[in-house]
Amino acid sequence: MKLRILSGDDKHAEIKRLYYEATRETIQQDLTRALDLLKSMANEEERERAAVYMDGLAQMRSEWARLNKSRKKRKERP
């Protein structure tokens, strides 16, 4: 199998795909993958294009983590 080097546009498209396809079950690994892609971008301009999706992924993770905590508290109550 031949590994392909991703262009800046490919990396941006992958981060965007991760954002739109993220679920509660996959959010942590999606965010980790997106961060790896962001770190590998060549310049600040490329990173700025992806910033809105990165922010969205981080917000989803925070919201879902908060919801999971509140659900656990409700289950623990007598």
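A helix axis here is a line fitted to C-alpha atoms over the stretch in contact, and the angle between two axes runs from 0 to 180 degrees between N-to-C directions. Keep that in mind for the opening stop. The model on screen is predicted.

**Stop 1: two helices side by side**

Select residues 8-21, helix α1. Add residues 27-39, helix α2. Their axes come within 10 Å. They cross at roughly 165°. An angle over 145 degrees counts as roughly antiparallel, and α1 and α2 are therefore roughly antiparallel to each other. Now look at the handedness. The crossing of α1 past α2 is left-handed.

**Stop 2: where the helices touch**

Show side chains. Which residues of α1 meet α2? Pick K11, E14, I15 and L18. On the α2 side, pick D30, R33, A34, L37 and L38. Colour this contact by class. Five of its residues are nonpolar and four are charged. No polar residue takes part.

**Stop 3: a charged network on α1**

Stay on α1 and keep E14 selected. E14 was part of the contact with α2. Now add R17. E14 and R17 form a salt bridge. The closest N and O atoms are 2.8 Å apart. Both residues lie in helix α1, three residues apart. That spacing is about one turn of the helix.

Next, add E21. What joins the side chains of R17 and E21? They meet in a salt bridge, at 2.6 Å from N to O. R17 and E21 are four residues apart in helix α1, so about one helical turn separates them.

View E14, R17 and E21 together. Salt bridges link these three in a network. Is R17 buried, partly exposed or exposed? R17 is partly exposed, with a relative accessible area of 36%.

**Stop 4: the start of α3**

Move to helix α3, residues 44-76. Select E44 and R47. Their side chains meet in a salt bridge. The N to O distance is 3.4 Å. E44 and R47 are three residues apart in α3, so about one helical turn lies between them.

Switch on the surface. How accessible is each partner? E44 has 46% relative accessibility and counts as partly exposed. R47, at 26%, also counts as partly exposed.

**Last stop: the full count**

Zoom out. How many salt bridges does the structure hold? It holds four. Among them are E14 with R17, R17 with E21, and R47 with E44.

Terms used
Residues numbered from 1 in each chain as written. Predicted model: local features only at pLDDT ≥ 70, side-chain atom pairs only at ≥ 80, totals over all residues. Heavy atoms only, no water. Parallel < 35°, antiparallel > 145°, perpendicular 65-115°, else oblique. Left-handed = near helix turned anticlockwise from the far one by under 90°. Contact = heavy atoms within 4.5 Å. Nonpolar A, V, L, I, M, F, W, Y, C, P; charged D, E, K, R; others polar. Buried < 20%, exposed > 50% of the residue type's maximum accessible area, 1.4 Å probe, protein only.
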